[in-house]
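Subject: A structure for you to look through

Dear colleague,

I am passing on the structure we spoke about, and below it you will find my notes on the empty spaces and on one helix packing. Please keep the picture open while you read.

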Amino acid sequence: MSRETTARPRLVLISGSLRGGSVNSAVISTAAALAPSEVGTLIYRRMADLPHFNPDDDREPLPEPVSDLRRTLNDACAVLVSTPEYAGSLPGSFKNLLDWTVGGASLYERPVGWINPSALGGSEDTYRALRIVLERAGAEIVAGACKDIPTPRDAIGADGLISCAEIRAEIQSVVAALAERVLAKR
């Protein structure tokens, strides 16, 4: 499917966390709920299913979870991620997902943004590493869709979404910037 279609463009949203109750996952779910009506959203939830990246396996037939990831990204018009910091960098499971995108050029020229919800002002090294990986994958990093939005755990409501109006407004601004870039490319 071409990225240029008459259907609503779709944003794929990815949490870099496998942890239940993750702030990053709450940010992603909130972003999906706040997306402008001109775009559709899909939250990618199969990161834990991906096999460990091995270049020897990056050929047809691909493992089914990898085919699904690449198909999902190839059908997307843009990607938004939120990932925690682990040991000063990207969590291994999220880096594994990113590694699987390279061979299929799944992020090449695709608009990408991120939200860093670290409530303690941390994760700078993580997002520097993310920028390097995305640049090497050929992604189009949308500056207005990359933002630090400190989000304390107690800002997550019982529904798993961010309840704080100020944080929701910041998340909405990121999604709007990414959607604006997608709509401008159509």
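How do the residues of the lining of the largest pocket divide into nonpolar, polar and charged? Before the answer, please bear in mind that this is a predicted model. The lining of the largest pocket consists of 5 nonpolar, 9 polar and 3 charged residues. There are 17 lining residues in this pocket, and those that lie nearest its centre are V23, N24, P84, S118 and R153, while the volume of the pocket is about 300 Å³.

The second largest pocket holds about 210 Å³ of space, and its lining includes S15, S17, L18 and S25, together with the run from I43 through Y44, R45, R46 and M47 to A48. Two elements, α1 (23-34) and β2 (40-44), give two or more residues each to this lining, and the largest share, 3 residues, is that of α1. Sorted by kind, the lining of the second largest pocket has 6 nonpolar, 4 polar and 2 charged residues.

Helix α1 is also worth following to its partner, helix α5 (residues 165-185), for the two pack with their axes 9 Å apart and at an angle of about 70°. Because angles of 65 to 115 degrees count as roughly perpendicular, α1 and α5 are described as roughly perpendicular to each other, and their crossing is right-handed. On the side of α1 the contact is made by V27, T30, A31 and L34, and on the side of α5 by R168, I171, Q172 and V175. Taken together, the residues of this contact are 5 nonpolar, 2 polar and 1 charged.

Finally, there is the matter of enclosed space. How many cavities of 30 Å³ or more does the structure hold? It holds 1, and about 60 Å³ of space lies in the largest cavity. Among the residues that line this cavity are I14, L73, F94, L107 and V112, and the elements β3 (78-82), α3 (92-103) and α4 (124-136) each supply at least two of the lining residues. The element that gives the most is α3, with 4 residues. The lining of the largest cavity has 11 nonpolar residues, 1 polar residue and no charged ones, which you may like to set beside the lining of the largest pocket, with its 5 nonpolar, 9 polar and 3 charged residues.

With best wishes

Definitions and conventions. Residues are numbered from 1 along each chain as its sequence is written. This is a predicted model: local features need pLDDT of at least 70, side-chain atom pairs count only at pLDDT 80 or more; totals for chains, interfaces and linings use all residues. Side-chain values use heavy atoms; hydrogens and water are left out. On a 1 Å grid over the protein atoms alone, a cavity is a set of points where a 1.4 Å probe fits but cannot get out, and a pocket is an open set with protein on both sides within 12 Å along at least five of seven lines; lining residues have an atom within 4 Å of a point. Grid points are joined across faces, edges and corners, and a volume is the space filled by probe spheres set on the points. Ala, Val, Leu, Ile, Met, Phe, Trp, Tyr, Cys and Pro count as nonpolar, Asp, Glu, Lys and Arg as charged, and the others, Gly among them, as polar. Axes are lines fitted to C-alpha atoms, for helices over the stretch in contact, and angles run from 0 to 180 degrees between N-to-C directions. Angles under 35 degrees count as roughly parallel, over 145 as roughly antiparallel, 65 to 115 as roughly perpendicular and the rest as oblique. A crossing is left-handed if the near helix is turned anticlockwise from the far one by less than a right angle, and right-handed if clockwise. Contact means heavy atoms within 4.5 Å.
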